[in-house]
Amino acid sequence: MNFKPMIDPLIHNGLVFFLTILFFYSSIQKFVHHPYFVLSLENYRIVPAPFVKPLALLIPFVESLAAGCLFFPQLKVYGLCLVLVLLGLFSLVITIKLFQGEDSIDCGCFGPALKQKLSWILLARNFVLSCIAALLFLHQSNRALTPYDQLLSLWIAVVLFLSLSAWNQLISNQSLPLLKKKSFYE
């Protein structure tokens with residue numbers, strides 16, 4: 001018996017829509033809050049100063065390119081490859097900084113409203129997102145999707161995006177100093 005791992009097209013489309021929304025949102029945050037993202041990259045001290053500003057433009061551009069490729073089925077493979085490369089590079093930089101003991105840096109992932117210190121939890125998040133992207137390389141079963149399935153795919157993507165946003169907010173709140181937490185609620 002020849003077993004070939006497959007994924008249901010409903011789940012496949014839901015996950016593709018989720019990654020599309022996530023990377024498009026992330027790129028928009030980096031473009032809109034560009035000075036803040038430049039500052040975040042400077043804090044990493046991973047590239048020489050003259051390369052920080054071009055890199056601060058390149059990263060959101062590649063993120064939006066990945067989201068755009070994921071949106072079109074013919075380009076989906078390229079989008080998934082870009083997603084995996086970006087997540088791999090982000091994870092590598094976070095790992096290096098964590099081993100150097102520099103965990104007080106804001107990751108810069110989603111703008112100033114969602115400040116997150118570098119942590120192993122961020123690495124776990126990137127690992128899960130990488131697994132989702134890798135899962136999408138599996139063949140899809142031959143089940144035909146109904147219009148209801150298409151809507152359900154979008155619903156799955158929105159629920160996953162909102163769940164990740166809530167989880168990111170919890171991580172961000174954990175990074176706030178106690179005094180800021182008090183003033184936030186007063």
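Phenylalanine 31 counts as partly exposed in this predicted model, because its relative accessibility is 37%. The residue belongs to helix H1, which covers residues 9–32. On the surface, Phe31 joins Leu57, Leu58, Phe61 and Leu65 in a nonpolar patch, and together these residues have about 460 Å² of accessible area. Helix H3, residues 52–71, supplies the largest share of the patch, with 4 residues.

Helix H3 therefore deserves attention in its own right, as the contributor of the largest share of that patch. The helix has 20 residues and reaches 29 Å from its first C-alpha to its last, close to the 28 Å expected at 1.5 Å a residue. Besides the residues that it lends to the surface patch, H3 has a set of buried residues, among them Val52, Ala56, Ile59, Val62, Glu63 and Leu70. In an α-helix, residues three or four places apart point the same way, because there are 3.6 residues a turn. The buried residues of H3 pack against H1, helix H2 (34–44) and helix H4 (76–99).

Helix H2 can be described in a similar manner. Its buried residues are Tyr36, Phe37, Val38, Ser40, Leu41 and Tyr44, and their cover includes H1, H3 and H4. Just after H2 comes arginine 45, with a positive phi of about 50 degrees. Most residues other than glycine have a negative phi. Arginine 45 lies in the loop between H2 and H3, and it counts as exposed because its relative accessibility is 58%.

The charged side chains come next. Side chains of opposite charge can pair when their charged atoms come close. The structure holds 5 salt bridges. One of them joins the side chains of arginine 143 and aspartate 8, at 2.8 Å from N to O. Arginine 143 lies in the loop between strand S2 (139–140) and helix H6 (147–175), while aspartate 8 lies in the loop between strand S1 (6–7) and H1, so the pair ties together parts that are 135 residues apart in sequence. Arginine 143 is partly exposed, with a relative accessible area of 36%, and aspartate 8 is partly exposed as well, at 26%. Both residues belong to a network of salt bridges that links Asp8, Arg143 and Asp149.

A further salt bridge brings together the side chains of glutamate 63 and lysine 30, again at 2.8 Å from N to O. This pair links distant parts of the chain, with glutamate 63 in helix H3 and lysine 30 in helix H1, 33 residues apart. Glutamate 63 and lysine 30 are both buried. Glutamate 102 and lysine 97 also form a salt bridge, in which the closest N and O atoms are 3.7 Å apart. Glutamate 102 is buried, with a relative accessible area of 18%, and lysine 97 is buried at 3%.

Two topics remain, the cysteines and a loop serine. The count of disulfides comes to 0. Cysteine 81 is in no disulfide, and the nearest cysteine sulfur, that of cysteine 69, is 9.8 Å away. Cysteine 81 counts as partly exposed because its relative accessibility is 38%, whereas cysteine 107 is buried, with a relative accessible area of 6%.

Serine 119 is placed in the loop between H4 and helix H5 (120–135). Serine 119 is buried, since its relative accessible area is 18%. Leaving aside neighbours within four places in sequence, serine 119 is in contact with Ile94 and Leu98.

Notes. Residues are numbered from 1 along each chain as its sequence is written. This is a predicted model: local features need pLDDT of at least 70, side-chain atom pairs count only at pLDDT 80 or more; totals for chains, interfaces and linings use all residues. Side-chain values use heavy atoms; hydrogens and water are left out. Patches are made of residues with over 30% relative accessible area and no salt bridge: like charges are joined within 9 Å, nonpolar side chains (Val, Leu, Ile, Met, Phe, Trp, Tyr) within 5 Å. Accessible areas come from the Shrake-Rupley method with a 1.4 Å probe; for residues, only the protein chains shown count as cover. A salt bridge is a side-chain nitrogen of Lys or Arg within 4 Å of a carboxyl oxygen of Asp or Glu. Helices (H or I, at least four residues) and strands (E, at least two) are DSSP runs, numbered from the N terminus. Buried means under 20% relative accessible area, exposed over 50%, partly exposed in between (1.4 Å probe, protein chains only). The expected span of a helix is 1.5 Å times one less than its number of residues. Contact means heavy atoms within 4.5 Å. A disulfide is a pair of cysteine sulfur atoms within 2.5 Å.
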